[in-house]
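I am opening a notebook on a structure that is new to me. I will write down what I look up, entry by entry.

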Amino acid sequence: MKNIYSMPRLELEDFFLSIGEKKFKAIQVYEWLYQHREPNVENWSNIKKEIREKIKQNFDFCMPKIIKRETDELTEKYLIELNDKEHVEAVLMRHDYGNSVCVSSQVGCNMGCAFCESGRLKKIRNLETYEMVCQILLIEELFSERISSVVIMGIGEPLDNYDNVINFIKIINDAKGISLGARHITLSTCGLIPKIQELMNLPLQINLAISLHASNNDLRTKLMGVNKMYNIHALIDTIRTYIDKTNRRVTIEYVMLKKINDEEKNAIELANLLKGMNVYVNLIPYNETNHLEFKKSDKSQIMKFYDTLKKNKINVTIRKEFGSKISAACGQLRSKEVEK
Ligand code: SAH
């Protein structure tokens, strides 16, 4: 049985048509679920009993649970237990411009990035759409504040769970659903080229972020297993096409790893790779974890790297660090739980 929170509105309309009802019922259901946040069908007073019964017979309503919450000033990190007792994480970050949530898209990850804690634990399964939608609903309920932006940057590779992630985006973006503007939704990928090509043909105006993390092919292959399949030059070409086609600026994520990818020559190489493209580089201070050898670059090194990119006319920002006190490196909370 499908979970009700996995249903994009158009699919819900098809369901109502298939049982001989008007399709606007889907809007009413959306209003109950996402505006009134009323999961109890019995209370859906504008839908008659007979149809409520059909809804109950056809859809599952169960939700995951938040079982642990770690907080510091600007960050809250949640461990979420799924109905089969698997765990994922979500993180809430308070910015001056509003609250953003980082959601997970898979249980574990198979992309094999050497520096990443989430990928130490291999993929067990994809998240269903409702398991992503519920990360937002549960956090809003617990936190009792609205979320103004969503980044799909938690555990997992979203483009390796393409259909469910796209449905998730449709639901949170739907004006009758959670109604988050597409410009407030960011999908981050390690670079699965065929899926980036699919994405550029969808009429969704979301932000795309690419985890590049290296300035040349050899280095990227050492750091990111995915580069053996889709190399850095093919990836850059795909990003160019994406920008041409969508007219949207792409974010290039570059995690700063001490003495690995943070030297002057890397900055120059990176600037050459990205020359003339409508991108901006987001330098990410590495979040160290106990299990992996990588160290974060010194602040001064990050500043030098930043300056070199600037001098070479590349737009660049340094990502503000969140939650380094509370195991915020994605995957840390889950791997603690799994090890217990
Ligand atoms: N699989 C997707 C999204 C999840 S990872 C992707 O690769 O983009 C989200 C981002 O966090 C990626 O850029 C990833 O490389 C980065 N990341 C992973 N571990 C990190 C750590 N310990 N510190 C800082 N960034 C990290």
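My entries below go from the sheet to the ligand, the cysteines, one helix and two unusual backbone angles.

**Entry: the model**
I note at the start that this model is predicted.

**Entry: the sheet**
I began with the strands. I find an open sheet of 10 strands, with mixed pairing. I read their order as 3-4-5-6-9-10-11-12-13-14. Which strands are the edge strands? They are strand 3 (65–71) and strand 14 (315–318), and each pairs on one side only. I also looked up the turn between neighbouring strands of this sheet: on average it is 25°, with direction ignored.

Next I checked individual pairs. Strands of a sheet pair through backbone hydrogen bonds, in a parallel or an antiparallel sense. Strand 4 (residues 75–81) runs antiparallel to strand 5 (residues 87–95), and seven bridges join them. In this pair I see Tyr 78 opposite Ala 90 of strand 5. Strand 10 (residues 185–189) and strand 11 are parallel partners, with four bridges. Here Thr 189 faces Ile 210 of strand 11.

**Entry: strand 11**
How many of the residues of strand 11 are buried? Five of the five are, so the rest of the structure largely encloses this strand. I sorted them by direction. Asn 207, Ala 209 and Ser 211 point one way, while Leu 208 and Ile 210 point the other way. I then looked for a helix over this part of the sheet. Helix 8 (residues 232–246) lies across strand 11 (207–211), strand 12 (250–256) and strand 13 (279–285). Its angle to strand 12 is about 145°.

**Entry: the ligand**
I count 18 residues around the ligand. Which are the closest? They are Gly 156, Ser 188, Ser 211, His 213 and Asn 287. I looked up distances for two serines. A side-chain N or O atom of Ser 188 is 2.6 Å from an oxygen atom of the ligand. For Ser 211, a side-chain N or O atom is also 2.6 Å from a ligand oxygen. Cys 190 comes in through its backbone: an N or O atom there lies 3.5 Å from an oxygen atom of the ligand.

**Entry: the cysteines**
I searched the whole structure for disulfides and found zero. For Cys 190, the nearest cysteine sulfur belongs to Cys 113 and is 5.7 Å away. Is Cys 190 buried or exposed? Its relative accessibility is 5%, so I list Cys 190 as buried. Cys 116 has 21%, so I list Cys 116 as partly exposed.

**Entry: helix 2**
I turned to helix 2 (residues 25–35), which is mostly covered, with eight of its 11 residues buried. Among them are Tyr 30, Trp 32, Leu 33 and Tyr 34. What covers the buried residues? The cover includes helix 1 (9–18), helix 3 (49–58), helix 4 (129–143) and helix 5 (162–173).

**Entry: positive phi**
Most residues other than glycine have a negative phi. I noted two residues that have a positive value. Arg 37 follows helix 2 and sits in the loop between helix 2 and helix 3. Its phi is near 55°. Arg 37 is partly exposed, at 27% relative accessible area. Ser 179 has a phi of about 60°. I place Ser 179 in the loop between helix 5 and strand 10. Its relative accessible area is 42%, so Ser 179 counts as partly exposed.

Terms used: Residues are numbered from 1 along each chain as its sequence is written. This is a predicted model: local features need pLDDT of at least 70, side-chain atom pairs count only at pLDDT 80 or more; totals for chains, interfaces and linings use all residues. Side-chain values use heavy atoms; hydrogens and water are left out. Two strands pair if DSSP finds at least two bridges between them. Helices (H or I, at least four residues) and strands (E, at least two) are DSSP runs, numbered from the N terminus. Axes are lines fitted to C-alpha atoms, for helices over the stretch in contact, and angles run from 0 to 180 degrees between N-to-C directions. Contact means heavy atoms within 4.5 Å. A disulfide is a pair of cysteine sulfur atoms within 2.5 Å. Buried means under 20% relative accessible area, exposed over 50%, partly exposed in between (1.4 Å probe, protein chains only). A residue is near a molecule or strand if one of its heavy atoms lies within 4 Å of it. A polar contact is a pair of N or O atoms within 3.5 Å; within protein, one must be able to donate a hydrogen and the other to accept it, and residues adjacent in sequence count only if both atoms are side-chain atoms.
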